[in-house]
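Please look over the sequence and the structure shown below before reading on. The points that follow are grouped by topic and are meant for someone meeting this model without earlier acquaintance.

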Amino acid sequence: MQAWADDQKVGGSMIKFMADPAGELTKALDVQMTDAGPPSVGIIGRCKRHAVHAIDGEIKTMRISEGPGDPAGDDDPSATLAEGFLAAIKSE
């Protein structure tokens with residue numbers, strides 16, 4: 001995860017990349033991919049595209065990028081990209 005953060009140039013910032021190899025957090029947040037999707041991409045059980053703003057372990061803002069026919073949020077990830085997510089945080 002650190003390599004990804006470094007690649008995105010956010011290593012050492014307030015942004016925290018977290019791994020969830022057993023899917024425990026994915027299931028607890030109810031963001032587990034359940035759509036069959038194209039079999040070639042193997043999305044079942046993976047995490048939906050989401051962003052979480054939490055303070056001291058309490059979720060303040062959470063957005064999921066998904067839509068009809070787009071369970072992974074690939075067509076419109078705007079809710080979880082920086083601009084859209086920051087706007088959501090400011091509106092809370």
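Thr26 counts as buried, because its relative accessibility is 6% and buried means under 20%. This residue belongs to helix α2, and its side chain is joined to that of Asp20 by a polar contact of 2.6 Å. The model is a predicted one, and the values below are computed from it.

**Surroundings of Thr26**

- Apart from residues up to four places away in sequence, Thr26 touches Asp20, Val31, Gln32, Arg46 and Cys47.
- Asp20 therefore appears twice in the picture of this buried threonine, as a residue that Thr26 touches and as its partner in the polar contact between side chains.

**The chain as a whole**

- The protein chain holds 3 helices and 2 strands, and read from the N terminus these elements follow the order α-α-β-β-α.
- Along the principal axes, the C-alpha trace of the protein chain spans about 35 × 30 × 25 Å.
- Of the 92 residues in the protein chain, 22% are buried.
- When contacts between residues at least 6 apart in sequence are considered, 26% of them join residues that are at least 24 apart.

**Thr80 and its partners**

- Thr80 is found in the loop between β2, which covers residues 58-64, and α3.
- With a relative accessible area of 15%, Thr80 is buried, because this value falls under the 20% limit.
- The side chains of Thr80 and Ser65 are joined by a polar contact of 2.9 Å.
- Leaving out residues up to four places away in sequence, Thr80 touches Arg49, His50, Ala51, Arg63, Ile64, Ser65 and Phe85.

**Arg49 in its loop**

- Arg49, one of the residues that Thr80 touches, is located in the loop between α2 and β1.
- The relative accessibility of Arg49 is 33%, so this residue counts as partly exposed, a class that lies between the 20% and 50% limits.
- Beyond its neighbours within four places in sequence, Arg49 is in contact with Arg63, Ile64, Ser65, Ala72, Gly73, Asp74, Pro77 and Thr80.
- In the case of Gly73, the backbone oxygen lies 3.4 Å from a polar atom of the Arg49 side chain.
- Arg49 and Ala28 are separated by 21 residues in sequence, and the distance between their C-alpha atoms is 15 Å.

**The aromatic pair**

- How many aromatic pairs does the count give? The count comes to 1 aromatic pair.
- This pair consists of Trp4 and Phe17, whose ring centres are 4.8 Å apart and whose planes stand at 75°, so the arrangement is edge-to-face.
- Trp4 lies in helix α1, which covers residues 2-7, while Phe17 lies in the loop between α1 and α2, so the pair ties together parts that are 13 residues apart in sequence.
- Phe17 counts as partly exposed, because its relative accessibility is 22% and the buried class ends at 20%.

**The largest pocket**

- The largest pocket has a volume of about 1700 Å³, and 36 residues line it.
- Ile15, Lys16, His50, Ala51 and Val52 are the lining residues that lie nearest the centre of this pocket.
- Helix α2 (24-28), strand β1 (50-55) and helix α3 (82-91) each supply at least two residues of the lining, and β1 gives the most, with 5 residues.
- By residue class, the lining of the largest pocket divides into 23 nonpolar, 7 polar and 6 charged residues.
- His50 and Ala51, which are among the residues nearest the centre of the pocket, are also among those that Thr80 touches.

**Two residues with positive phi**

- Lys9, a residue other than glycine, has a positive phi near 60°, and its place is in the loop between α1 and α2.
- The relative accessible area of Lys9 is 72%, so Lys9 is exposed, a class that begins over 50%.
- Asp30 likewise has a positive phi near 60° without being a glycine, and this residue sits in the loop between α2 and β1.
- Asp30 counts as exposed, because its relative accessibility is 62%.

Key:
Residues numbered from 1 in each chain as written. Predicted model: local features only at pLDDT ≥ 70, side-chain atom pairs only at ≥ 80, totals over all residues. Heavy atoms only, no water. 1 Å grid on protein atoms, 1.4 Å probe; cavity = no way out; pocket = protein on both sides within 12 Å on 5 of 7 lines; lining within 4 Å. Points joined across faces, edges and corners; volume = space filled by probe spheres on them. Helix = DSSP H or I, 4+ residues; strand = E, 2+ residues; numbered from the N terminus. Nonpolar A, V, L, I, M, F, W, Y, C, P; charged D, E, K, R; others polar. Buried < 20%, exposed > 50% of the residue type's maximum accessible area, 1.4 Å probe, protein only. Polar contact = N/O pair within 3.5 Å; in protein donor to acceptor, adjacent residues only side chain to side chain. Contact = heavy atoms within 4.5 Å. Phe/Tyr/Trp six-rings, centres within 6.5 Å; stacked < 30°, edge-to-face > 60°.
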